[in-house]
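Me: Here's a model I'd like to talk through with you. Could you take my questions one at a time and show me the reasoning?

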Amino acid sequence: MYLYSLTLQKSSCITCAVHGNFSGTKQQEIIAAKGKVLELLRPDANSGKVHSITTLEVFGEIRCLAPFRLTGGSKDYVVIGSDSGRITILEYIPSKNTFEKIHQETFGKSGCRRIVPGQYLAVDPKGRAVMIGAMEKQKLVYILNRDTSARLTISSPLEAHKSHTVVFSVVGIDVGFENPVFACLEVDYEEADNDPTGEAALTTRQMLTYYELDLGLNHVVRKFTETLQDFSNMLIPVPGGNDGPSGILVCSENFITYKNFGDQPDIRMPIPRRRYDLSDPDRGILFVCYAGHKTKSLFFFFIQNEQGDIFKLTLTVEDDMVSSIKLKYFDTIPVASSMIVLKTGFLFASSEFGNHHLYQIAHLGDNDEETEFSSTMLLDEGETFYYSLRPLKNLVEVDEVDSLCPITGCQVADLANEDTPQLYVSCGRGPNSTLRILRHGLEVTEMAVSELPGNPNGVWTVKTSASAEYDAYIVVSFVNATLVLSIGESVEEVSDSGFLGTTPTLHCCQIGDDALLQVYANGIRHVRADKRVNEWKAPGKKIISKCAVNNRQVAIALTGGELVYFEMDLSGQLNEYTERREFSSEVICMSIGSVPVGEKRCRFLAVGLADHTVRMISLDPSDCLQPMSMQALPTVPESLCIVAMGSGDSSESEQGVLSTYYLNIGLQNGVLLRSVLDSVTGDMSDTRTRYLGSRPVRLFKVKIQNSEAVLAISSRSWLGYMFQSVSRLTPLSYDALDYASGFSSDQCPEGVVSIAGDTLRILALEKLGAVFNQMTINLKLTPRRFAIDQQNSNLVVVGSDHLCFTDSTKSERKQQMAKEIIESAGDEEAELAKEVAESFMNEVLPATEFGEPKAGNGQWASCIQLLAPDQSLELDQDEAALSVAICRFAYKPDETFVVVGVAKELNLNPSSSSGGLMNTYRMANGQLELVHKTVVEEVPRAMAAFQGRLLVGTGRILRVYDLGRKKLLRKCENKNFPYRIVTISSMGSRVIVGDVQESVHFVKYRAKENRLVVFADDVSPRYVTATCFLDYDTIAVGDKFGSIAILRLSDDINDEIEEDPTGAKAFWDRGLLNGASQKANLEASFYIGETVMSLQKTTIIPGGSESLIYTTLSGSIGVLLPFTSREEVDFFQHLEMHLRSENAPICGRDHLAYRSYYFPAKNVIDGDMCEQFNALDGSKRRTLAMELDRTPPEISKKLEDMRTRYAF
């Protein structure tokens, strides 16, 4: 068995984000690390949108990022710490729209190891040195400089090691141009390690250590070590030199402290808390994220605590000494992993969980009434400051970047009866959790919809001049008339445009510098800027049947297959070419490309004829209207469209550069063909085929990201465009359209105006590059499991949260707190206290904005949500719902039951509980009714319907239950599982049971004996998170560490093992040591790189073949596709092998070693690596193709076919 691995949607979890001027312009960009993916984002200051510029797969784990700029430079570089055992410096090259490796230095072994650097990065603010540190012991410093050619150089590493130390944080201190200094939070555990009593561990303190790089002597010294009062988690460097006082802020539990060298005294300040917070009062509070901003005159920090509240922190400086810290509550946003303040006045927050956000900073909070807390304010010991929450005031959300992280489960089903399956994905954490329904397609925003007086047959947008930025008219053609609408504040009908309104229009456009053109059945109407009209009438009884127009050329086909060509001269006059061309059959469609930049004409005209051919006709004056090439088609063409699509990002510097002409041919049988046009000979090559829908395909040219794209309309609309140098063909998640044209206005610079039935619609396509369009349903708590009821097209989600109160407990605590407020007040303040208590009781803080209050350890809140209709059942406090199954018991086959596995008083560390429950609900009339509760001794973490009964894994026991009147009844059990059952899947009488630590066990249910017998298991330990049957003998297993394995039982394995008179069978059946007597074979193994959360064998496109779809905790979705022939396997194996050497991963990780992180990669070819072939430069592509005895287009076509056969 050989498989091909493809990622459909890359990880959306941003672990680290940095900003800088990476492209060398004044514009600030963001580089985000998403596990094994590096992405460059560019916030648009005008539209407030975040655009993805390029995405790079590094085939390694990105652990940390840091930007730096050499002194006097205008461009930022990025340094990466990864699991490759190497430090890598990258530069973004705008002309190629990619990152290039500038330096790569090896310092240690690969992998995420305790003592190999790569976990922490700190850069000297002046860009002179970088420190890369490990979790323990090792720290290396590299000096950065320029050579004589002004190229970046990097020195040999200087060691700053200290054994027996654990590092928590590393930063570079701003000391101006003095020797670079780095600060580290460390713990020395040597004494604790050598003390058998454990007392030394209790008295171990954290240290703040300063390392100085002596540039003169070229070595690193430990300058100073200071023992800290509190355990700290984060260091924040303060601007120095001419910008500020230098030093660092040390963030500890409940306190923040400013420290600096010399005579500066420490300034310590308690972290403010929420007023009347329902959270556990003994729980400390931490700052977890910060963003600094400095200008020539001031600097400040935004610091976020673990509840999501942001404070603005400023330092009061007197005589170069800091006298106080000031904190002011700013706003509350979801907890971020990174925050970035941009010079354009935006705040980018990459959320830990859920969608990422871009906010406009409307106010800096200097002049509002919010209380400012200062370290100079006197407080009693143990006291702190309090602030009140409020909705967003200083920040305005302007954009949201979709993120599926964390995915907790996924199932593929067609509950909406759309013929195309949908992906139902549960994701998020706490009150911001969602269930997202994913459909393949681009999201379409409806800007305007208006009714028309009849059913139109065409629509076009027209500018008034070639230099105009936006369109001026929308022209709509009906069967017997033409309607002209002006585009302005509102869309209104006009009559002075010069267009003929009494006849239907075949085409209209802006032509020349400032003229308009209308083609109708009886002639051509050329409207000059001064409203003079030139008309050309069709000869005799002939009429114009088809036309093709660009900015300088007009070609028309008369009935009978006669072709007439016009070209505009320098005076703006349309001149007919002296000769005409006759075709032997009727012209069905035609297309002409845009005039290339710097040229007078497009050299080709494509003509589709009724004899099932497309012919390329030359428009060059030397051989005008002569045939150049021909392509035979399987059926009659419906429409043609020639587009010039660039291979790079469509920035202004690259317009017209590296563009390739593509001829798109829409056929009447619903198929789209795309051929590459040779710009010299007009030959058509590299033809790609795609079935789009049941209706004939009509093609329209539109503008996307300032370059040409094609909109194909069949029973579903598709957009073909270039995104990040990759050609994409994606369906639109919208109703079927009839006709379309590009649209550009002030509100919608790049849109589409279209006709659907008798309505005119203006649409915007914003989320380009997205694979899925999302529909979101909000959930109350973190979704643990969900089950789909196919029969009733319904879905049940169970959610639970640790350290959380149920709604009833929260209202009790609120009442208790209100009572305490009244009781603690004196007689004089009784009335005021009553008012405060009343307003506190009436105050409703949305949990989606402010989060849930944190309860004590071991406290849980749970709920069960039924989605159609929306119903939510809350469980009691400290009950954690962890599993769910929808079951139809043999006892009552006509009724549907939902069984929920619940843990009581569950503690996570150390793991313990006071037992479990199985709540059985009847689903009747779309509502859940509790039938009964069944008490079990351990937590039921996995359950599945099985032959009219219920299979449940409670702890390490597998049991079969049936429905009883007062509780579920045990029917049989097997106690021989090693640790804890976490997954159950069944097919026929076979069951695969996934253990939390010891891989999977194959179980056979013997109905006659009513026994569950383990007859085979796996030889390798796997921390199972998901399992799935591929066939009766083959299973897929996903594990916690990011590997997917395919296991198969060999033909000679017997699942009918009889009682053995020798007693050997009883020995393995009884004992845990030797496991089962028979073992499964490993067929394939592959490292994904992220924790696998779900596996399902399914088809994800209509008419496609079956594939194995997986989702991961970080939000990525991928598929494993089976190969159908040995030739394909050999081809892709060789392609992957060549790419490993020709295009090695950019961070220095060995590709094969990465894909074999925990188990050697076996029988799986990395499609993500193979698809990097298209990103190589032309010479490399040709060299590699020659080695494979292919041409580059053949390889690209094979890659595309492999993807479109199973997925998208």
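Reply: Sure, and bear in mind that this is a predicted model. Let's start with α7 and α11, which are oblique to each other.

Me: Why are α7 and α11 called oblique?

Reply: Helix α7 (residues 1126–1142) and helix α11 (residues 1192–1206) pack at an angle of about 120°. Roughly perpendicular covers 65 to 115 and roughly antiparallel means over 145, with the rest counted as oblique. The angle of about 120° falls in neither range, so the pair is oblique. Their axes are 12 Å apart, and α7 passes α11 in a left-handed crossing.

Me: Which residues make the contact?

Reply: On α7 they are E1128, F1131, F1132 and L1135, and on α11 they are I1195, K1198, L1199, M1202 and R1205.

Me: How many nonpolar, polar and charged residues does the contact of α7 with α11 have?

Reply: Six are nonpolar, three are charged and none is polar.

Me: Over to the open sheet of four strands: what makes β28 and β33 stand at the edges?

Reply: The order is β28-β29-β30-β33, with antiparallel pairing. β28 (336–341) and β33 (395–401) each have a single partner strand, so one side of each has no neighbour in the sheet. On average, neighbouring strands here are turned by 20° against each other, direction ignored.

Me: How do you know that β29 and β30 pair?

Reply: Pairing takes at least two bridges. Strand β29 (residues 346–351) and strand β30 (residues 356–361) have four bridges, so they count as paired, in the antiparallel sense. As for bridge partners, A349 has H357 in β30.

Technical notes:
Residues are numbered from 1 along each chain as its sequence is written. This is a predicted model: local features need pLDDT of at least 70, side-chain atom pairs count only at pLDDT 80 or more; totals for chains, interfaces and linings use all residues. Side-chain values use heavy atoms; hydrogens and water are left out. Axes are lines fitted to C-alpha atoms, for helices over the stretch in contact, and angles run from 0 to 180 degrees between N-to-C directions. Helices (H or I, at least four residues) and strands (E, at least two) are DSSP runs, numbered from the N terminus. Angles under 35 degrees count as roughly parallel, over 145 as roughly antiparallel, 65 to 115 as roughly perpendicular and the rest as oblique. A crossing is left-handed if the near helix is turned anticlockwise from the far one by less than a right angle, and right-handed if clockwise. Contact means heavy atoms within 4.5 Å. Ala, Val, Leu, Ile, Met, Phe, Trp, Tyr, Cys and Pro count as nonpolar, Asp, Glu, Lys and Arg as charged, and the others, Gly among them, as polar.
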